[in-house]
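Trainee: I would like a close look at one part of this model, the ligand site. Please take me through it, and then place it beside the rest of the fold.

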Amino acid sequence: MRIGVPKEIAANERRVALTPDIAGRLVKGGFEVVIERGAGTAAFFPDEAYSAAGVKLGDRSSVISQSDIVLQVQAPSGDLTQYREGAALVAFFQPAADLLRQLAQRRLTAFTLVLLPRITRAQPMDVLSSQATVAGYKAVLLAASASGRLFPMLVTAAGTLPAARVLVLGAGVAGLQAIATARRLGAIVSAFDVRPAVKEQVQSLGALFLEMAIEEHAETAGGYAKELSEETHRKELAFLAGAAKDADIVISTAAIPGKKAPILITAAAVQGMKPGAVIVDLAAETGGNCELTEPGSEIVRNGVSILGPLNLASTLPRDASQMYAKNVSAFLGHIVQDGKLRLDFEDQIIRDTCVTHAGEVRKS
Ligand code: NAD
């Protein structure tokens, strides 16, 4: 079975779907792996490293058109006729209706890891978690470099500097990594989430969990947050405006799967923040948690910097690719058996992630 890895062509995408060591393990496992020349360069993996691992190098069109399974990070764009009819595609993309129609028209069996169920046996394939980990870490570095303050408390001959105060909103995978990273830099960290289950996780990282009485059940059976009622959301906004006043840094990561990100910091709350404070809004991709966030930009309002970075994981392409490649090869191990694609739609992992097959769109 032949696996192809084209170079990512989306703007600002530096990751690659397979790294040399993971590709080499697939070769040892009996796959033929071919990668587009230069596909790993932006992630610091030179062509020679792939060759040394037994991976073949090819041009874009042969990598895409002659593979049984094409592995990518982003969704394919443009002309899908390059893909062989009936081939499989594994990538990490939002299942937009237009794209799904095109994938089905080309009779591709397409899987998106965005839809991977968050169940225990799928953990090794969990791209959402691995890339959120990278983003949560990088968000703190961005905040530190945009801030005029040092993070740790310092006692020096030039005086004593108090530790910076970091507030993390949303303590899922990215938020927990942001907490851990800010703590390592020496900040005093507090965090808030509507799911009470995260309280212990926040505390175990040495951060303070901010408590607000929430009378409704804010968690789904799958462990995700639910949208709050209007009244509870109003209470939350007032509560967080109070918390943000003391913060030097706010890292916001709150998300509701499939929905626009909830607003947690209003324009009025930004007015109440200290000059020099920094908000890094990791929810910018889905609209942002701060009312003033401009996705993809950095703005300053009343002396508060508001950063709305997009695709942060791609800015640490080496390790983000390493984790992505590990996830994707675990997924391959699940969908391929005895050198053939195993399409058992009774299996939740396959059923949830397969968006097109045999000319049909399977998800809407
Ligand atoms: P996410 O990206 O969907 O959301 C980020 C965080 O925002 C969540 O913690 C959520 O509760 C919070 N949030 C949403 N609305 C909010 C609001 N109004 N105010 C404050 N916070 C709000 O979440 P995620 O990081 O993808 O993780 C979601 C869950 O999945 C977590 O419970 C995580 O532990 C779980 N998970 C399970 C597995 C598994 O294999 N079992 C793997 C990964 C993650």
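Mentor: Start with a backbone contact. A polar backbone atom of Val173 lies 2.7 Å from an oxygen atom of the ligand. Keep in mind that this is a predicted model.

Two arginines add side-chain contacts. For Arg195, a polar side-chain atom is 2.6 Å from an oxygen atom of the ligand. For Arg118, the corresponding distance from a polar side-chain atom to a ligand oxygen is 3.0 Å. On its own, the ligand has 840 Å² of accessible area, and the protein covers 83% of it.

Now the shell. There are 24 residues around the ligand. Those that come nearest are Gln123, Val173, Asp193, Arg195 and Glu236. So Val173 and Arg195 appear again here. What is the make-up of the shell by class? It has 13 nonpolar residues, 6 polar ones and 5 charged ones.

Next, the sheet. It is open, with 8 strands and mixed pairing. The strand order is S3-S2-S1-S4-S5-S6-S18-S19. Which strands stand at the edges? They are S3 (56–58) and S19 (360–361). Each has a single partner strand, so one side of each is left without a neighbour in the sheet. At the S3 end, S2 and S3 run parallel and are joined by 3 bridges. There, Ile35 stands opposite Leu57 of S3. In a regular strand, side chains alternate between the two faces of the sheet.

Several strands of this sheet also feed the largest nonpolar core. That core has 39 residues. Leu18, Leu71, Val90, Leu113 and Phe331 have the most contacts inside it. Strands S1 (2–5), S2 (32–36), S4 (69–71) and S5 (88–91) each supply at least two residues. Helices H1 (20–28), H10 (317–335) and H11 (348–353) do so too. Which element gives the most? H10 does, with 6 residues. Nonpolar side chains tend to be buried together in soluble globular proteins.

Finish with a hairpin. Strands S14 (residues 298–301) and S15 (residues 304–307) run antiparallel, joined by 4 bridges. One pairing to find is Ile299, whose bridge partner in S15 is Ile306. The hairpin has 2 residues between the strands. In this hairpin, Asn302 takes a positive phi near 50 degrees.

Methods:
Residues numbered from 1 in each chain as written. Predicted model: local features only at pLDDT ≥ 70, side-chain atom pairs only at ≥ 80, totals over all residues. Heavy atoms only, no water. Pairing = 2+ DSSP bridges. Near = heavy atom within 4 Å. Polar contact = N/O pair within 3.5 Å; in protein donor to acceptor, adjacent residues only side chain to side chain. Areas by Shrake-Rupley, 256 points an atom, 1.4 Å probe, with all protein chains shown as cover. Nonpolar A, V, L, I, M, F, W, Y, C, P; charged D, E, K, R; others polar. Core = buried A, V, L, I, M, F, W, Y, C linked by side-chain atoms within 4.5 Å. Buried < 20%, exposed > 50% of the residue type's maximum accessible area, 1.4 Å probe, protein only.
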